[in-house]
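Reader: I would like a close look at a single part of this model, followed by its setting in the rest of the structure. Please keep the account plain.

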Amino acid sequence: MEPQEAAGAAGGGCGGAGLLELELPRRGAGEAGAVAAELEARRSGETRRLVLSRRLSGPLPAGLARWFPALEVLDVSGTGLAALGAELLELPRLRTLLAKNNRLGGPGALPKGLGQAPLARSLRVLNLSGNRFAELPAALLGLRGLQSLSLGGNRLHSISPEIQALSSLEFLYLGGNFITSIPPELANLPSLSYLVLSDNKIQSIPPQLAQLHSLRSLSLHNNLLTYLPREILNLVHLEELSLRGNPLVVRFVRDLTYNPPSLLELAGRTMKTRNIPYAPSDLPGNLVRYLSLASNCPNPKCGGVYFDSCVRQIKFVDFCGKYRLPLMHYLCSPECSSPCSSASQSSTSQSESDSEDEAIVAAHRMQKVLLG
Amino acid sequence: MEQPVQTEVWKAQTLQELIQILHRLFSSDKVSVEEVQALMESYESNPVEWMKFAQFDQYRYTRNLVDKGNGKFNLMILCWGEGHGSSIHDHTDSHCFMKILQGNLKETLFEWPGKKGTGAMTKKSERVLGENQCAYISDSIGLHRVENTSHTESAVSLHLYSPSFDSCNTFDQRTGHKHKVKMTFYSQFGERTPGATAVSQENN
């Protein structure tokens, strides 16, 4: 959501230093010309905000930057524009561009050269919600100073990994699209603090998302998530997390499609768990490399390692019986699990209230997030 | 509140007038729910009149106190950014009126969870409220979740609570478990309350 200055609820009217709000005539021949004429008539080197609020039959007039060189906020939402063109490229001070509810999304919807224009450095807020974008427009990847981007309510099926180029991004709104997965590159946005992915078709969250150390608010409601990666407990600054409307697994689930480990895997495990010494000259290079890839079983009570073969296990982090968050764990074998569940035969109710020691600490942090 | 023998029909031309009539109505011992609801609906939202109370937070919805109703009620304006929603909550034995001043809000009604709160909560109904419509809820009707489901428009609503309350229970939809939360104001009478962040209620 754009900052308060641009999210004004008030109606129109001229007045207020630097604000020009233009109401356009409903119809008339040569309407595009009428718009240009009226804007030119009101040209000013002091106008800082321009709001156009009626339907336009053509593109924005080319003279926009000449008539309003000091423009900082431009709102062309709901004007029916199918493309934003070169008229934007000359606006040297534009900080906020609102173009919601238009017909943008086809090729050339944003002007080429956007990344080289003066506004590539000045633009902080871009709102393209309620348009027809099927993918992240490449033209905006050069907006290095962009802090807030909204593409809510478009037609995105995926998020391009190139989004990591928007290195100043703090606020990213992608709710209400058709997104099925999240690229791990999203985690490379160092300042991201507000991420909205609600009302999409997302089935899983990449564990790399836990690297978003600045994340304060994560909106995941109304997706297709059945579990979350356990790394999500690492998001220590998270204050708000929405999960409703996901088919989150409620009962303890074991992955029954565990594939038995290969001979290579078993040999590797034996080498590691018995600390059989070896030197690089003892083994072919590929086996030396293989042995270096051993992962420790996350069960702290188990000293086991695994290479490729592991059991996905959904573990519930229980907050004093009030909330259950299914987290994905990887264990080295189906027999490996925390002591309580392996000791008890009645697996369901007992194991639902299990928490590993380390998970309890992280759980307290997440509890604060979820329960306020 | 009871139904009086004759229900007066009030029309509030401005927000100030609405507040004045509310003060008059609530000064009596018997106040009618229908009368208050009709009065709230009669006011045609004029953004110029309530703009100063409409202070948004980018992370979550805000509660902005407008009037303290001489201790009989609290009148406040809630600001919902795109996608902002509340938890499922109760109303601490109070009457709650909610009028849309701008945009749309979806209200989902839930049954009270059973004893011990086991199992998923039962949805009763849902509806989308449009500008100037006024909904009413109390604990005897049930629980609700309110959300701005729009990804492009923000929403503003006017709430009246009588008696006023500063804490309520939020409920986990998946289990019915409840948790008491304290509610705070983002701004009071148009002034930002220093140090108070927007309400961080469970939004699950």
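How many of the 5 residues of strand β8 (residues 143–147) of chain B are buried, and why does the strand count as enclosed or not?

Author: The model is a predicted one. In strand β8 of chain B, which covers residues 143–147, 5 of the 5 residues are buried, so the strand is largely enclosed by the rest of the structure. The cut-off behind this is a relative accessible area under 20%.

The side chains of β8(B) divide by direction. Leu143(B), Arg145(B) and Glu147(B) point one way, while His144(B) and Val146(B) point the other way. Both sets are buried. As background, side chains in a regular strand alternate between the two faces of the sheet.

The pairing of β8(B) comes next. Strand β5 of chain B, residues 105–110, pairs with β8(B) in the antiparallel sense, over 5 bridges. One position in that pairing can be named: Leu143(B) in β8(B) is the bridge partner of Phe110(B).

β8(B) also has a part in a cavity. The structure holds 7 cavities of 30 Å³ or more, and the largest cavity has a volume of about 150 Å³. Its lining takes at least two residues from each of β2 (74–80), β8 and β9 (155–162) of chain B. In total 17 residues line the largest cavity, and those nearest its centre are Tyr61(B), Leu78(B), His89(B), Tyr161(B) and Met183(B). By type, the lining of the largest cavity is made up of 9 nonpolar, 6 polar and 2 charged residues.

Two of the strands that supply this lining, β2 and β9 of chain B, belong to an open sheet of 7 strands in chain B. The order of that sheet is β7-β4-β9-β2-β1-β12-β13, and the pairing is mixed. At its edges stand β7 (134–137) and β13 (191–192) of chain B; each has a single partner strand, so one side of each is left without a neighbour in the sheet. Within the sheet, strand β4 of chain B, residues 95–102, pairs with β9(B) in the antiparallel sense over 7 bridges. Here Ile100(B) stands opposite Ser157(B), a residue of β9(B).

Strand β1 of chain B, residues 62–67, is another member of this sheet, and Asn64(B) lies in that strand. Asn64(B) counts as buried because its relative accessible area is 0%, under the limit of 20%. Leaving out residues up to four places away in sequence, Asn64(B) touches Phe53(B), Gln55(B), Met76(B), Ile77(B), Cys79(B), Phe185(B), Tyr186(B) and Ser187(B).

Away from the strands, Ser42(B) lies in helix α2 of chain B, residues 33–42. Ser42(B) is also buried, because its relative accessible area is 13%. Beyond its neighbours within four places in sequence, the contacts of Ser42(B) are with Trp10(B), Lys11(B) and Ala12(B).

For chain B as a whole, there are 3 helices and 13 strands. Of its 204 residues, 59% are buried. Among its contacts between residues at least 6 apart in sequence, 74% join residues at least 24 apart.

The corresponding values for chain A are as follows. Its secondary structure comes to 8 helices and 16 strands. Chain A has 372 residues, of which 49% count as buried. Of the contacts in chain A with a separation of 6 or more, 48% are between residues 24 or more positions apart.

The nonpolar cores complete the setting. The largest nonpolar core has 69 residues, and the most contacts inside it belong to Leu84(A), Leu143(A), Leu149(A) and Leu195(A). At least two residues of this core come from each of α1 (31–41), β2 (49–52), α2 (64–67) and α3 (119–122) of chain A. The element that gives the most to this core is α2(A), with 3 residues. Apart from this core lies another, of 30 residues, including Leu18(B), Leu25(B), Val33(B) and Leu160(B). Leu143(A), in the largest core, is in contact with Leu114(A), Leu119(A), Ala120(A), Leu123(A), Leu126(A) and Leu166(A), leaving aside its neighbours within four places in sequence.

A last position in chain A is Ser158(A), in the loop between β6 (148–150) and β7 (171–173). Ser158(A) counts as partly exposed because its relative accessibility is 39%. Ser158(A) and Ile182(A) are 24 residues apart in sequence, and 7.2 Å separates them in space, C-alpha to C-alpha.

Technical notes:
Residues are numbered from 1 along each chain as its sequence is written. Chains are lettered from A and ligands numbered from 1 in the order in which they are written. This is a predicted model: local features need pLDDT of at least 70, side-chain atom pairs count only at pLDDT 80 or more; totals for chains, interfaces and linings use all residues. Side-chain values use heavy atoms; hydrogens and water are left out. Helices (H or I, at least four residues) and strands (E, at least two) are DSSP runs, numbered from the N terminus. Buried means under 20% relative accessible area, exposed over 50%, partly exposed in between (1.4 Å probe, protein chains only). Contact means heavy atoms within 4.5 Å. A nonpolar core is a set of buried Ala, Val, Leu, Ile, Met, Phe, Trp, Tyr and Cys residues joined through side-chain atoms within 4.5 Å. Two strands pair if DSSP finds at least two bridges between them. On a 1 Å grid over the protein atoms alone, a cavity is a set of points where a 1.4 Å probe fits but cannot get out, and a pocket is an open set with protein on both sides within 12 Å along at least five of seven lines; lining residues have an atom within 4 Å of a point. Grid points are joined across faces, edges and corners, and a volume is the space filled by probe spheres set on the points. Ala, Val, Leu, Ile, Met, Phe, Trp, Tyr, Cys and Pro count as nonpolar, Asp, Glu, Lys and Arg as charged, and the others, Gly among them, as polar.
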